[in-house]
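Colleague: I've got a model open and I'd like to learn how to read its ligand site. Can you walk me through it?

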Amino acid sequence: MILDGKAVAARLRAEMKQQVEQLKAQGITPGLAILLVGEDHASQVYIRNKRRACEELGIHSELHSLPEQTTQEELLEQVEALNRREDIHGILVQLPLPKQIDEMAVIRAVDPNKDVDAFHTVNVGRIMLGDYDFLPCTPAGILELIHESGISIQGKECVVVGRSNIVGKPMAMLLLHEHGTVTVCHSRTPNLAEITRRADILVVAMGKAKAITRDMVKPGAVVIDVGMNRDENGKLCGDVDFAGVLQIAGAITPVPGGVGPMTVTMLMRNTITAASRCCSQ
Ligand code: NDP
């Protein structure tokens with residue numbers, strides 16, 4: 001089975017569009033502000049996708065594009081101004097930031113109620129406790145894709161390869177909340193293949209093109225490929241050798257068209273959640 005993130009994302013977005021219409025009927029247009037510092041090409045592509053999704057759903061989006069030399073103080077001022085704005089419900093600081101800026105200081109400055117990336121320590125802590133409003137977009141999208149595909153996590157052997165703060169760690173926590181038995185691997189893990197071969201559900205977020213090969217996967221496993229890399233021909237590819245693993249996996253996400261569209265869709269969900277809170281206050 002190919003886990004078609006694009007199709008699931010389209011279904012979810014149709015529902016979200018209605019939620020946005022309901023909010024608008026109550027006088028609230030969800031608003032997302034994106035802060036970009038510098039001209040990183042990949043960031044510009046990601047932002048374009050995010051703004052396109054906003055447009056499709058009727059969410060107001062605005063891009064605050066700052067020059068590469070922006071100081072931390074200047075960026076923090078922008079964040080504070082957006083924190084104060086009532087028409088902006090979600091604030092997203094596009095990472096990576098230039099070297100002169102401390103990413104954690106900026107993330108800490110975002111109002112946790114507007115932290116639609118769920119990177120703020122308050123939201124990270126709440127996720128740890130299982131009491132949250134926002135989930136980080138990529139792990140949330142993966143969870144949604146697993147649920148929508150009718151795959152159960154409870155009691156399954158789950159292996160996450162990668163321990164980044166934005167993908168690996170929160171992913172492991174979500175699988176644990178859903179009663180999976182979770183192992184997290186990283187670059188210092190010896191005998192990676194031995195561990196990945198145990199997985200009923202294997203989530204790979206390494207950033208290494210086609211690193212997970214057929215011999216590293218248990219027959220019938222669910223394989224979720226988060227990676228976004230360029231292969232030797234410059235073609236977009238994941239961390240999983242798709243052609244080889246497809247022959248043995250029970251279910252697998254393609255790249256592109258798997259996790260990527262789900263990630264953007266979860267950003268839309270978080271923005272709607274943030275705006276909905278205005279209604280309930
Ligand atoms: P990071 O570079 O922050 O983390 C990579 C992780 O992989 C690290 O924990 C690292 O270990 C681990 N790793 C690297 N090499 C190995 C190895 N040989 N064996 C085992 N573990 C290894 O990446 P991200 O988590 O931010 O992203 C991962 C990938 O997912 C990237 O390709 C990125 O582009 C993509 N991505 C895709 C998204 C989407 O929407 N589709 C969203 C976010 C990311 P250690 O900690 O020891 O260094």
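Modeller: Sure. A polar contact is a pair of N or O atoms within 3.5 Å; within protein, one must be able to donate a hydrogen and the other to accept it, and residues adjacent in sequence count only if both atoms are side-chain atoms. Here, a polar backbone atom of Ala 205 lies 3.5 Å from an oxygen atom of the ligand. This is a predicted model, where local features need pLDDT of at least 70, side-chain atom pairs count only at pLDDT 80 or more, and totals for chains, interfaces and linings use all residues. Residues are numbered from 1 along each chain as its sequence is written, and side-chain values use heavy atoms, with hydrogens and water left out.

Colleague: Which side chains have a polar atom 2.7 Å or 2.6 Å from a ligand oxygen?

Modeller: Arg 163 has a polar side-chain atom at 2.7 Å from a ligand oxygen, and for Ser 164 a side-chain N or O atom is 2.6 Å from one.

Colleague: How much of the ligand's area does the protein bury?

Modeller: Areas come from the Shrake-Rupley method with a 1.4 Å probe; for residues, only the protein chains shown count as cover. The ligand alone exposes 940 Å², and the protein buries 71% of that.

Colleague: And Val 159, buried or exposed?

Modeller: Buried means under 20% relative accessible area, exposed over 50%, partly exposed in between (1.4 Å probe, protein chains only). Val 159 is buried because its relative accessible area is 0%. Its C-alpha atom is 6.3 Å from that of Val 203, 44 residues apart along the chain.
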